[in-house]
Amino acid sequence: MRLVLLGAPGSGKGTQADVIKTKLSVPHISTGDLLRAAVKAGTQLGLKAKAVMEAGQLVSDDIVLGMLEERLTQPDAAAGFILDGYPRNLAQCTALETLLKRLERPIEVAIQLDVPSELIVERIATRAAVQGRQDDTPETVRERLRVYAQQTEPVAGYFAQEGKLKVVDGVGELGEITQRVLAALSR
Ligand code: ADP
(Lines give C-alpha, C1' and ligand atoms only; values in the text may rest on other atoms or scores of the structure.)
Protein backbone atom coordinates (compact mmCIF):
# COMPACT_ATOMS: atom_id res chain seq x y z
CA MET A 1 0.00 0.00 0.00
CA ARG A 2 1.33 3.42 -0.98
CA LEU A 3 -0.32 5.97 1.21
CA VAL A 4 -0.04 9.69 1.89
CA LEU A 5 -1.21 11.05 5.26
CA LEU A 6 -2.43 14.64 5.22
CA GLY A 7 -3.38 16.92 8.09
CA ALA A 8 -2.33 20.03 9.98
CA PRO A 9 0.69 20.07 12.29
CA GLY A 10 -0.49 18.29 15.42
CA SER A 11 -3.34 16.47 13.65
CA GLY A 12 -1.84 13.13 14.68
CA LYS A 13 -0.29 12.00 11.40
CA GLY A 14 2.89 10.75 13.01
CA THR A 15 1.06 8.99 15.84
CA GLN A 16 -1.33 7.23 13.47
CA ALA A 17 1.40 6.37 10.97
CA ASP A 18 3.36 4.62 13.71
CA VAL A 19 0.41 2.34 14.47
CA ILE A 20 -0.73 1.79 10.90
CA LYS A 21 2.73 0.90 9.55
CA THR A 22 2.67 -2.27 11.65
CA LYS A 23 -0.80 -3.22 10.42
CA LEU A 24 0.21 -2.68 6.78
CA SER A 25 3.84 -3.89 7.11
CA VAL A 26 5.21 -0.83 5.35
CA PRO A 27 7.67 1.83 6.59
CA HIS A 28 6.57 5.21 7.93
CA ILE A 29 8.44 7.88 6.02
CA SER A 30 8.21 11.31 7.65
CA THR A 31 10.05 14.17 5.96
CA GLY A 32 9.99 16.00 9.33
CA ASP A 33 11.76 13.03 10.97
CA LEU A 34 14.26 12.76 8.10
CA LEU A 35 15.05 16.48 8.43
CA ARG A 36 15.35 16.30 12.23
CA ALA A 37 17.76 13.35 11.84
CA ALA A 38 19.85 15.40 9.40
CA VAL A 39 19.91 18.33 11.83
CA LYS A 40 20.95 16.04 14.66
CA ALA A 41 23.67 14.41 12.55
CA GLY A 42 24.94 17.89 11.64
CA THR A 43 25.10 17.11 7.90
CA GLN A 44 25.39 19.89 5.31
CA LEU A 45 21.70 19.47 4.58
CA GLY A 46 20.85 19.51 8.27
CA LEU A 47 22.73 22.76 8.79
CA LYS A 48 20.74 24.37 5.99
CA ALA A 49 17.41 23.03 7.25
CA LYS A 50 17.78 23.89 10.94
CA ALA A 51 17.11 27.63 10.87
CA VAL A 52 14.26 27.24 8.38
CA MET A 53 12.54 24.64 10.55
CA GLU A 54 12.98 26.71 13.70
CA ALA A 55 11.31 29.62 11.90
CA GLY A 56 8.34 27.37 11.03
CA GLN A 57 8.93 27.72 7.31
CA LEU A 58 9.30 25.09 4.62
CA VAL A 59 12.72 23.71 3.78
CA SER A 60 13.46 24.13 0.05
CA ASP A 61 11.66 21.73 -2.27
CA ASP A 62 14.97 20.54 -3.82
CA ILE A 63 16.48 19.50 -0.51
CA VAL A 64 13.40 17.65 0.65
CA LEU A 65 12.86 15.92 -2.70
CA GLY A 66 16.44 14.63 -2.84
CA MET A 67 16.17 13.32 0.69
CA LEU A 68 12.84 11.70 -0.05
CA GLU A 69 14.04 9.96 -3.21
CA GLU A 70 16.96 8.50 -1.30
CA ARG A 71 14.55 7.11 1.31
CA LEU A 72 11.91 5.84 -1.13
CA THR A 73 14.44 3.84 -3.11
CA GLN A 74 15.59 1.88 -0.08
CA PRO A 75 14.53 -1.79 -0.23
CA ASP A 76 11.96 -1.66 2.59
CA ALA A 77 9.87 0.87 0.66
CA ALA A 78 9.37 -1.56 -2.23
CA ALA A 79 6.39 -3.08 -0.40
CA GLY A 80 4.80 0.36 -0.03
CA PHE A 81 5.03 3.23 2.46
CA ILE A 82 3.16 5.74 4.55
CA LEU A 83 4.28 9.20 3.58
CA ASP A 84 3.87 11.82 6.32
CA GLY A 85 4.72 15.52 5.85
CA TYR A 86 5.06 15.33 2.08
CA PRO A 87 3.76 16.77 -0.21
CA ARG A 88 3.41 20.06 1.62
CA ASN A 89 2.69 22.40 -1.30
CA LEU A 90 1.49 22.04 -4.89
CA ALA A 91 5.02 22.04 -6.35
CA GLN A 92 5.83 19.03 -4.15
CA CYS A 93 2.66 17.29 -5.43
CA THR A 94 3.93 17.52 -8.98
CA ALA A 95 7.46 16.53 -7.98
CA LEU A 96 6.15 13.49 -6.12
CA GLU A 97 3.98 12.43 -9.03
CA THR A 98 6.92 12.66 -11.42
CA LEU A 99 9.25 10.78 -9.07
CA LEU A 100 6.77 7.97 -8.38
CA LYS A 101 5.90 7.66 -12.06
CA ARG A 102 9.59 7.14 -12.77
CA LEU A 103 9.75 4.52 -10.02
CA GLU A 104 6.47 3.01 -11.33
CA ARG A 105 4.94 3.24 -7.87
CA PRO A 106 2.16 5.85 -7.84
CA ILE A 107 0.31 6.93 -4.69
CA GLU A 108 -2.83 4.83 -4.22
CA VAL A 109 -4.63 6.79 -1.54
CA ALA A 110 -4.39 10.00 0.50
CA ILE A 111 -5.95 10.12 3.96
CA GLN A 112 -6.68 13.52 5.45
CA LEU A 113 -6.96 13.65 9.26
CA ASP A 114 -9.54 16.30 9.97
CA VAL A 115 -9.05 18.15 13.28
CA PRO A 116 -10.49 21.58 14.20
CA SER A 117 -7.88 24.32 14.68
CA GLU A 118 -8.71 24.99 18.37
CA LEU A 119 -7.82 21.39 19.14
CA ILE A 120 -4.63 21.60 17.04
CA VAL A 121 -3.30 24.50 19.13
CA GLU A 122 -4.09 22.59 22.32
CA ARG A 123 -2.40 19.38 21.10
CA ILE A 124 0.77 21.16 20.02
CA ALA A 125 1.00 22.89 23.42
CA THR A 126 0.81 19.47 25.09
CA ARG A 127 3.42 18.02 22.73
CA ALA A 128 5.72 21.00 23.40
CA ALA A 129 5.56 20.26 27.12
CA VAL A 130 6.21 16.53 26.62
CA GLN A 131 8.74 16.39 23.77
CA GLY A 132 10.35 19.83 23.78
CA ARG A 133 10.59 20.04 20.00
CA GLN A 134 12.55 23.13 18.83
CA ASP A 135 9.71 24.19 16.53
CA ASP A 136 6.87 23.90 19.05
CA THR A 137 7.30 27.39 20.54
CA PRO A 138 4.16 29.60 20.29
CA GLU A 139 5.53 31.90 17.54
CA THR A 140 6.81 29.02 15.44
CA VAL A 141 3.54 27.13 15.83
CA ARG A 142 1.62 30.20 14.64
CA GLU A 143 3.87 30.43 11.60
CA ARG A 144 3.57 26.69 10.86
CA LEU A 145 -0.23 26.93 10.97
CA ARG A 146 -0.14 29.95 8.67
CA VAL A 147 2.13 28.11 6.20
CA TYR A 148 -0.15 25.09 6.44
CA ALA A 149 -3.30 27.07 5.62
CA GLN A 150 -1.62 28.87 2.76
CA GLN A 151 0.53 26.19 1.15
CA THR A 152 -0.49 22.75 2.39
CA GLU A 153 -4.29 22.90 2.46
CA PRO A 154 -4.47 22.95 -1.38
CA VAL A 155 -2.69 19.56 -1.41
CA ALA A 156 -5.93 17.82 -0.34
CA GLY A 157 -7.67 19.35 -3.37
CA TYR A 158 -4.95 17.95 -5.59
CA PHE A 159 -5.54 14.39 -4.39
CA ALA A 160 -9.34 14.91 -4.44
CA GLN A 161 -9.07 15.78 -8.11
CA GLU A 162 -7.21 12.54 -8.71
CA GLY A 163 -10.02 10.67 -6.93
CA LYS A 164 -7.60 9.50 -4.22
CA LEU A 165 -8.65 11.56 -1.18
CA LYS A 166 -10.42 10.13 1.86
CA VAL A 167 -11.20 12.40 4.80
CA VAL A 168 -11.18 10.85 8.28
CA ASP A 169 -12.41 12.49 11.49
CA GLY A 170 -9.24 12.96 13.56
CA VAL A 171 -10.99 13.77 16.84
CA GLY A 172 -11.31 11.01 19.42
CA GLU A 173 -9.22 8.33 21.02
CA LEU A 174 -6.08 7.14 19.28
CA GLY A 175 -7.41 3.61 18.69
CA GLU A 176 -10.72 4.88 17.45
CA ILE A 177 -9.02 7.07 14.85
CA THR A 178 -6.82 4.15 13.75
CA GLN A 179 -9.98 2.10 13.16
CA ARG A 180 -11.44 4.93 11.06
CA VAL A 181 -8.28 5.13 8.97
CA LEU A 182 -8.21 1.36 8.41
CA ALA A 183 -11.92 1.40 7.51
CA ALA A 184 -11.30 4.20 5.00
CA LEU A 185 -8.45 2.18 3.46
CA SER A 186 -10.62 -0.87 2.97
CA ARG A 187 -13.46 1.09 1.32
P1 ADP B 1 4.41 19.10 11.66
O2 ADP B 1 3.58 18.28 10.72
O3 ADP B 1 3.98 18.94 13.09
O4 ADP B 1 4.54 20.54 11.24
P5 ADP B 1 6.84 17.83 10.70
O6 ADP B 1 7.68 16.98 11.55
O7 ADP B 1 6.09 17.19 9.59
O8 ADP B 1 5.87 18.58 11.69
O9 ADP B 1 7.73 19.02 10.06
C10 ADP B 1 8.52 19.88 10.83
C11 ADP B 1 9.23 20.92 9.93
O12 ADP B 1 10.06 20.25 8.96
C13 ADP B 1 8.30 21.79 9.07
O14 ADP B 1 7.78 22.90 9.77
C15 ADP B 1 9.24 22.18 7.91
O16 ADP B 1 10.13 23.21 8.28
C17 ADP B 1 10.06 20.93 7.70
N18 ADP B 1 9.45 20.04 6.68
C19 ADP B 1 8.90 18.81 6.89
N20 ADP B 1 8.42 18.28 5.74
C21 ADP B 1 8.69 19.21 4.77
C22 ADP B 1 8.44 19.29 3.39
N23 ADP B 1 7.79 18.30 2.74
N24 ADP B 1 8.85 20.40 2.71
C25 ADP B 1 9.48 21.39 3.33
N26 ADP B 1 9.73 21.41 4.65
C27 ADP B 1 9.35 20.33 5.37
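## Contacts with the ligand

Let's start at the ligand: one of its oxygen atoms has a polar side-chain atom of Arg 144 at 2.9 Å. That fits the definition of a polar contact, a pair of N or O atoms within 3.5 Å (within protein, one must be able to donate a hydrogen and the other to accept it, and residues adjacent in sequence count only if both atoms are side-chain atoms). Arg 88 also has a side-chain N or O atom 3.0 Å from an oxygen atom of the ligand, while the side chain of Thr 31 places an N or O atom 2.8 Å from a ligand nitrogen. On its own the ligand exposes 550 Å², and the protein buries 97% of that; these areas come from the Shrake-Rupley method with a 1.4 Å probe.

This is a predicted model, in which local features need pLDDT of at least 70, side-chain atom pairs count only at pLDDT 80 or more, and totals for chains, interfaces and linings use all residues. Residues are numbered from 1 along each chain as its sequence is written, and side-chain values use heavy atoms, leaving out hydrogens and water.

## The shell around the ligand

Around the ligand there are 20 residues, and those coming nearest are Thr 31, Arg 36, Gln 57, Gly 85 and Gln 92. A residue counts as near if one of its heavy atoms lies within 4 Å. The shell divides into 7 nonpolar, 6 polar and 7 charged residues; here Ala, Val, Leu, Ile, Met, Phe, Trp, Tyr, Cys and Pro are nonpolar, Asp, Glu, Lys and Arg are charged, and the others, Gly among them, are polar.

Helix α2 (residues 31-41) gives the most to this shell, with 4 residues. Helices (H or I, at least four residues) and strands (E, at least two) are DSSP runs, numbered from the N terminus. Because domain 1 (2-27 + 80-186) and domain 2 (31-73) both give residues to the shell, the ligand lies between them. The domain bounds come from an automatic or database domain assignment.

## Two backbone details

Tyr 86 and Pro 87 are joined by a cis peptide bond, with omega about 0°. Pro 87 sits in the loop between β3 (81-84) and α5 (90-102).

Ser 25, in the loop between α1 (13-24) and β2 (28-30), has a positive phi near 55° although this residue is not glycine. Most residues other than glycine have a negative phi, and most peptide bonds are trans.
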